[in-house]
Amino acid sequence: YAVTQRKGAALLTGDYGCGKTLISRLLLDTLYDLGESRFEIALIVNPRLSPEELLQKILYEFGIEDIPPKRLNLLQALNELLLAYLKADKQPVIIIDEAQMIMDEETVDELRVLLNFQLNNRFLLTLLLIGQPEFSEIVEALPQLKQRLAVRYHIGPLKTYEETQAYIRHRLAVAKAEREIFTDRALRTVHELTQGIPREINNICDVALLTGFMHKLTHIDADIIERW
């Protein structure tokens, strides 16, 4: 929604291992399916940068080779690039993954500056911020940035046993499993041990399946899970 409706910015936060980066990669695939030539994407996965380095990295990700060193020139170069994209009917999208890694307050403020690139009340870019929950606190301290967030969403762990059960069964179905492998008690134990965090579920189930294969088991029961 934030991208296709040309909103200024959106914020996605999530607990460790709950799928933030996976969603960002899915977004890239979705934008590609919508039209490879329609979007220009700058993906930044290590944003622990100074303000100047951030601007340089954005220009580099957009494919610019002759990158100036000074902030004023960087902003001018970015402005000219965004206007060129507008003329070519291309939509630039900047994705900042692991945004909580930004340690420099001036770099955080530079994100707000990016949203000043507007023309006739139309944003010339869309900024997508993805990070752990603590990044929300940083955003709260910057009303100018907070007010321009069109969408905010937080991803948490799977809350119930039923959700964990459905998740595991879906993953097995994608892997072409044709029968039940985990017993009900095993699935409940997985949920209890992982607290519904998908990455932990993946890890514990992977090891359990490997153990079951090594011992030539037909089913995974709770005792296998509890060895974790």
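User: What volume does the largest cavity have?

Analyst: A cavity is a space where a probe fits but cannot get out. In this predicted model, the largest cavity has a volume of about 60 Å³. The structure holds one cavity of 30 Å³ or more.

User: Which residues line the largest cavity, and which elements give two or more residues to its lining?

Analyst: The lining consists of Arg-6, Leu-82, Tyr-85, Leu-86, Lys-90, Gln-91, Pro-92, Arg-122, Phe-123, Leu-124, Leu-125 and Thr-126. Helix α3 and the strands β3 and β5 (122-123) give two or more residues to this lining, and the largest share, three residues, comes from α3. By class, seven lining residues are nonpolar, two are polar and three are charged.

User: Tyr-85 is among the residues lining the largest cavity. With which residue does Tyr-85 form an aromatic pair, and what is the geometry?

Analyst: An aromatic pair is read from the distance between ring centres and the angle between ring planes; planes over 60 degrees apart count as edge-to-face. Tyr-85 pairs with Phe-62 in an edge-to-face arrangement, at 5.6 Å centre to centre and 75° between the planes. The structure holds one aromatic pair.

User: Why does this pair tie together parts that are apart in sequence?

Analyst: Phe-62 lies in the loop between α2 and α3 (71-87), whereas Tyr-85 belongs to helix α3, so the pair ties together parts that are 23 residues apart in sequence.

User: Turning to the sheet, in what order do the strands lie, and is the pairing parallel or antiparallel?

Analyst: A sheet is read by following which strand pairs with which. Here, five strands form an open sheet in the order β2-β3-β6-β1-β7, with parallel pairing. The edge strands are β2 (39-44) and β7, each of which pairs on one side only. On average, neighbouring strands of this sheet are turned by 15° against each other, direction ignored.

User: How many bridges join β1 to β7, and which residue in β7 is the bridge partner of Ala-9?

Analyst: Six bridges join these two parallel strands. The partner of Ala-9 in β7 is Leu-149.

User: Which helix lies across β2 and β3, and at what angle does it run to β2?

Analyst: Helix α2 (residues 51-61) lies across β2 and β3 (91-96) and runs at about 135° to β2.

User: What is the volume of the largest pocket, and which residues are closest to its centre?

Analyst: A pocket, in contrast to a cavity, is an open set of points. The largest pocket has a volume of about 460 Å³. It is lined by 23 residues, of which Ala-10, Leu-12, Ile-23, Leu-27 and Leu-128 are the closest to its centre. The elements β1 (9-14), α1 (20-34), β6 (126-131) and β7 (149-155) each supply at least two lining residues. Helix α1 provides the largest share, seven residues. The lining of this pocket comprises 18 nonpolar residues, five polar and no charged.

User: How many residues of each class are in the lining of the second largest pocket, and which element gives the most to it?

Analyst: The second largest pocket holds about 340 Å³ of space. Its lining has 16 residues, and the closest to its centre are Gly-17, Cys-18, Gly-19, Lys-20 and Leu-22. By class there are seven nonpolar, five polar and four charged residues. Helices α1, α7 (161-174) and α9 (198-214) each supply at least two of the lining residues, with α1 giving the most, four residues.

Key: Residues numbered from 1 in each chain as written. Predicted model: local features only at pLDDT ≥ 70, side-chain atom pairs only at ≥ 80, totals over all residues. Heavy atoms only, no water. 1 Å grid on protein atoms, 1.4 Å probe; cavity = no way out; pocket = protein on both sides within 12 Å on 5 of 7 lines; lining within 4 Å. Points joined across faces, edges and corners; volume = space filled by probe spheres on them. Nonpolar A, V, L, I, M, F, W, Y, C, P; charged D, E, K, R; others polar. Pairing = 2+ DSSP bridges. Axes fitted to C-alpha atoms, helices over the stretch in contact; angles between N-to-C directions. Contact = heavy atoms within 4.5 Å. Phe/Tyr/Trp six-rings, centres within 6.5 Å; stacked < 30°, edge-to-face > 60°.
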